[in-house]
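I opened a new page for a structure I had not looked at before. These are my notes, in the order I made them.

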Amino acid sequence: MAALRALRALQPSVRALLCTWPGCPAPRSFVSSAASEYIITAKKGKNSNVGLVQLNRPKALNALCDGLIMELNQALQAFEEDPAVGAIVLTGGEKAFAAGADIKEMQNLTFQDCYSSKFLSHWDRLSRVKKPVIAAVNGYALGGGCELAMMCDIIYAGEKAQFGQPEILIGTIPGAGGTQRLTRAVGKSLAMEMVLTGDRISAQDAKQAGLVSKIFPVETLVEEAIKCAEKIASNSKIVTAMAKESVNAAFEMTLTEGIKLEKKLFYSTFATEDRKEGMSAFVEKRKASFKDQ
């Protein structure tokens, strides 16, 4: 027993020593204001309950290379696992949210390469995040950048933002949901025009078409997105996840099936302590204190 206690006492020192060794993975605390090669992450908001991910490849207008997507997925997972984070904001730079996929990476791929490796399949991680994600789009959101924004739950745009699916101009088509999500967001006619011509639309046209929720000045866009994320994060995380699941189901189900799912999820909220607290707070005319239970 004495030997076992001594070994346990040594564990923190051994772990610290090992993590100085080349190749040792970075600790999970990287999320609180650390910089990777292609992204910057931080916690924002008065209560540090908003996860911020900034795409940071400015010389390439945030072109979505494989390394960037891998880092993005790691950051999303870390924020998903962080109980303090209730919502996530994804943004880029003032000139570009993301100007598209990295064409140099895919230029020499063959059909066999794409098919056997399930090329771009790991891009869908963003669409599977249970916590709400707000895209704060400044500048170009083209091709893969537009597809990435559409995987988010809410899109806020800067006044100079531009959206487009220009893949047709380089002899291919969208491959990460562009033809599907864009059509559901703006309707067949506009989606078809954008996909077949490669033309861009402005932030104002995107809002009118239903692709964008709100437009803000370039310099205040991220701040406004964080404010919205803070408001979302102040609610029950488990009930918020149910609400997100129900809204997303509207794109996958018939109206009858969707309403059935909504009812089931609505009933499920009555099994939570947060539903009891929320209704009690309303009746007692006080602010609810949710415990995410």
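My entries go from the whole chain to single residues.

**Entry 1: the whole chain**

I noted at the start that this is a predicted model. I counted the elements next. The chain has twelve helices and eleven strands. Its length is 293 residues, and 38% of them are buried.

I then looked up the surface. About 17000 Å² of the chain is exposed, and carbon and sulfur atoms supply 57% of that area.

I also looked up how far along the sequence the contacts reach. I took contacts between residues at least 6 apart in sequence. Of these, 67% join residues at least 24 apart.

**Entry 2: cysteines**

How many disulfides does the count give? It gives zero. The rule I needed here asks for a pair of cysteine sulfur atoms within 2.5 Å.

I checked two cysteines for burial. Cys65 has 2% relative accessibility, so it counts as buried. Cys152 has 8% and counts as buried too. Cys152 came up again in the next entry, as a contact of Val133.

**Entry 3: Val133**

I found Val133 in strand β6, which covers residues 133-137. Is Val133 buried or exposed? Its relative accessible area is 1%, so it is buried.

I looked up what Val133 touches, leaving aside its neighbours within four places in sequence. The contacts are Ile88, Leu90, Leu126, Cys152, Asp153, Ile154 and Lys244.

I also wrote down one distance. Val133 and Gly51 are 82 residues apart in sequence. Their C-alpha atoms are 9.2 Å apart in space.

**Entry 4: a nonpolar patch**

Next I went to the surface. Which residues form a nonpolar patch there? They are Ile103, Ile168, Leu169, Ile170 and Ile173. Together they have about 480 Å² of accessible area.

I picked Leu169 for a closer look. It sits in the loop between β9 (162-164) and α6 (178-186). Its relative accessible area is 60%, so Leu169 counts as exposed.

**Entry 5: helix α6**

I followed the loop on to α6. Gly178, Leu182 and Val186 are buried in this helix. Why do they lie on the same side of α6? They do because they cover an arc of only 20° around the axis.

I asked what covers the buried residues of α6. The cover includes α5 (144-151), α7 (188-197) and α8 (203-209).

I looked just past the helix as well. Gly187 follows α6 and takes a positive phi of about 95°.

**Entry 6: Gly178**

I went back to one of the buried residues of α6. Gly178 has a relative accessible area of 0%, so it is buried. Not counting residues up to four places away in sequence, Gly178 touches Glu147, Met150, Gln165 and Thr183.

I noted a distance here too. Gly178 and Glu167 are eleven residues apart in sequence. From C-alpha to C-alpha they are 9.7 Å apart in space.

**Entry 7: Thr269**

I moved on to helix α11, residues 255-269, where I found Thr269. At 12% relative accessibility, Thr269 counts as buried; the cut-off for buried is under 20%.

Which residues does Thr269 contact, apart from its neighbours within four places in sequence? They are Val239, Met242 and Arg275. Thr269 and Met242 are 27 residues apart along the chain, and 8.2 Å separates their C-alpha atoms.

**Entry 8: after α12**

My last stop was the segment after α12 (273-283), where Lys285 lies. Phi of Lys285 is near 55°, a positive value in a residue other than glycine. Its relative accessibility is 77%, so Lys285 counts as exposed.

Asp292 is found in the segment after α12 as well. It has a positive phi of about 60° although it is not a glycine. How accessible is Asp292? With a relative accessible area of 31%, it is partly exposed.

I closed the page there.

Key. Residues numbered from 1 in each chain as written. Predicted model: local features only at pLDDT ≥ 70, side-chain atom pairs only at ≥ 80, totals over all residues. Heavy atoms only, no water. Buried < 20%, exposed > 50% of the residue type's maximum accessible area, 1.4 Å probe, protein only. Helix = DSSP H or I, 4+ residues; strand = E, 2+ residues; numbered from the N terminus. Contact = heavy atoms within 4.5 Å. Patch = residues over 30% accessible without salt bridge, like charges linked within 9 Å, V, L, I, M, F, W, Y side chains within 5 Å. Areas by Shrake-Rupley, 256 points an atom, 1.4 Å probe, with all protein chains shown as cover. Salt bridge = Lys/Arg side-chain N within 4 Å of Asp/Glu carboxyl O. Arc of directions from axis to C-beta.
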